[in-house]
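Please look at the sequence and the model shown below, and keep both in view while reading. The report that follows moves from one region to the whole chain and then to single residues.

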Amino acid sequence: MATPPVAAGGNFEAPPPPPMQPPGTDMTSICFRDQLWLNTYPLDRNLVFDYFALSPFYDWTCNNEQLRMRSIHPLDLSQLSKMTGMEYMLSEVMEPHLFVIRKQKRDSAEKVTPMLAYYILDGSIYQAPQLCNVFAARVGRALYYISKAFTTAASKLEKIGYVDTENESETVEPKGGKEAINIKEVKRVDHILASLQRKLPPAPLPPPFPDGFVPPSTAEAEKDPENQQTAEPQPSAVDPIIDQGPAKRMKF
């Protein structure tokens with residue numbers, strides 16, 4: 001069994017503590033709350049950063065921790081603006097219920113790049129999700145409900161189509177055997193046409209022929225009276241467009 005190293009004075013040497021690791025980027029699934037601290041100290045803008053430093057969201061390598069070690073308020077902007085690196089800033093305050101802390105990287109006194117955001121709601125600390133994650137979650141939820149709606153509509157349309165095909169097959173089969181003419185329908189149509197004829201005004205007479213005009217049929221008959229009897233009968237000079245009354249139907 002190996003013995004631990006012994007110092008010159010005879011005391012055991014304790015191993016150095018492991019360096020503090022910075023918090024992860026995505027810690028939206030955890031929440032921190034210290035009820036003992038909340039029962040002891042008031043949660044206001046002066047002590048909220050000390051409470052946030054107890055959470056696993058706190059990066060011990062930030063500039064605010066250096067100010068705390070120098071007994072300077074960690075949110076002193078006049079001191080933070082002189083430093084470069086990672087820092088925390090209190091952006092929104094609604095005492096005593098809501099505090100928003102922004103993690104940012106400072107490159108100069110005027111240039112900062114926001115990294116993450118945290119909020120303390122009624123004593124519980126959360127990491128705010130990134131905007132891309134919010135959009136991805138909302139779009140995924142919308143796609144889920146749209147797909148579910150299309151699936152439900154498709155299932156209902158299939159049922160409706162199945163019922164319609166059954167009804168069509170039932171109605172088409174008896175129609176095939178009834179090809180005879182319905183006498184009642186014929187009489188009803190004749191009655192409707194006769195009533196419409198009575199309501200409409202009579203057809204106007206065709207316009208008279210101009211003076212000196214002789215119809216071709218009459219001129220040919222005068223020139224060739226011998227072939228008048230053998231010639232085919234010519235149609236009367238009546239305008240064929242004018243309606244001459246309803247067509248004659250077979251009486252039953």
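Which residue of S4 stands opposite tyrosine 118? The partner of tyrosine 118 is glutamine 127 in S4, and this pair is a good place to start reading what is a predicted model. Strands S3 and S4 run antiparallel and are joined by four bridges.

**The sheet**

The sheet to which these strands belong is an open one, built from four strands in the order S1-S2-S3-S4 with antiparallel pairing. Strand S1, residues 85-94, and strand S4, residues 124-127, each have a single partner strand and stand at the edges, so one side of each is left without a neighbour in the sheet. On average, and with direction ignored, neighbouring strands of this sheet are turned by 25 degrees against each other. As a general point, strands of a sheet pair through backbone hydrogen bonds, and the pairing can be either parallel or antiparallel.

Between S2, which covers residues 98-106, and S3, which covers residues 112-121, there are nine bridges, and these two strands also run antiparallel. Within this pairing, arginine 106 has valine 112 of S3 opposite it, while lysine 103 has leucine 116 of S3 as its bridge partner. The connection from S2 to S3 is a hairpin through five residues, whereas the hairpin of S3 and S4 has two residues between the strands.

**The whole chain**

In total, the chain holds seven helices and four strands. Read from the N terminus, the order of its elements is α-α-α-α-β-β-β-β-α-α-α, and the strands therefore follow one another in the chain between a group of four helices and a group of three. Of the 252 residues, 17% count as buried, and the accessible surface of the chain comes to about 20,100 Å², with 60% of that area belonging to carbon and sulfur atoms. Among the contacts with a separation of 6 or more, 42% are made by residues that lie 24 or more positions apart.

**Exposed residues and backbone details**

Part of the surface is a nonpolar patch of about 420 Å², made by Val139, Leu143, Ile146 and Phe150. One of these residues, leucine 143, is found in helix H5, which spans residues 131-177. Leucine 143 counts as exposed because its relative accessibility is 54%, and the cut-off for that class is over 50%.

The backbone also has some details worth finding in the model. In the loop between S1 and S2 lies proline 96, which is joined to glutamate 95 by a cis peptide bond with an omega of about -5 degrees. Serine 71 and aspartate 122 are treated together in the table, which lists their relative accessibility.

| Residue | Relative accessibility | Class |
|---|---|---|
| Serine 71 | 71% | exposed |
| Aspartate 122 | 43% | partly exposed |

Serine 71 has a positive phi near 60 degrees, although serine 71 is a residue other than glycine, and its place is in the loop between helix H3 (63-69) and helix H4 (77-80). Aspartate 122 is likewise not a glycine and has a positive phi of about 55 degrees, and this residue is found in the loop between S3 and S4. With 43% relative accessibility, aspartate 122 counts as partly exposed, because that class takes in values between the limits of 20% and 50%.

Technical notes:
Residues are numbered from 1 along each chain as its sequence is written. This is a predicted model: local features need pLDDT of at least 70, side-chain atom pairs count only at pLDDT 80 or more; totals for chains, interfaces and linings use all residues. Side-chain values use heavy atoms; hydrogens and water are left out. Two strands pair if DSSP finds at least two bridges between them. Axes are lines fitted to C-alpha atoms, for helices over the stretch in contact, and angles run from 0 to 180 degrees between N-to-C directions. Patches are made of residues with over 30% relative accessible area and no salt bridge: like charges are joined within 9 Å, nonpolar side chains (Val, Leu, Ile, Met, Phe, Trp, Tyr) within 5 Å. Accessible areas come from the Shrake-Rupley method with a 1.4 Å probe; for residues, only the protein chains shown count as cover. A salt bridge is a side-chain nitrogen of Lys or Arg within 4 Å of a carboxyl oxygen of Asp or Glu. Buried means under 20% relative accessible area, exposed over 50%, partly exposed in between (1.4 Å probe, protein chains only). Contact means heavy atoms within 4.5 Å.
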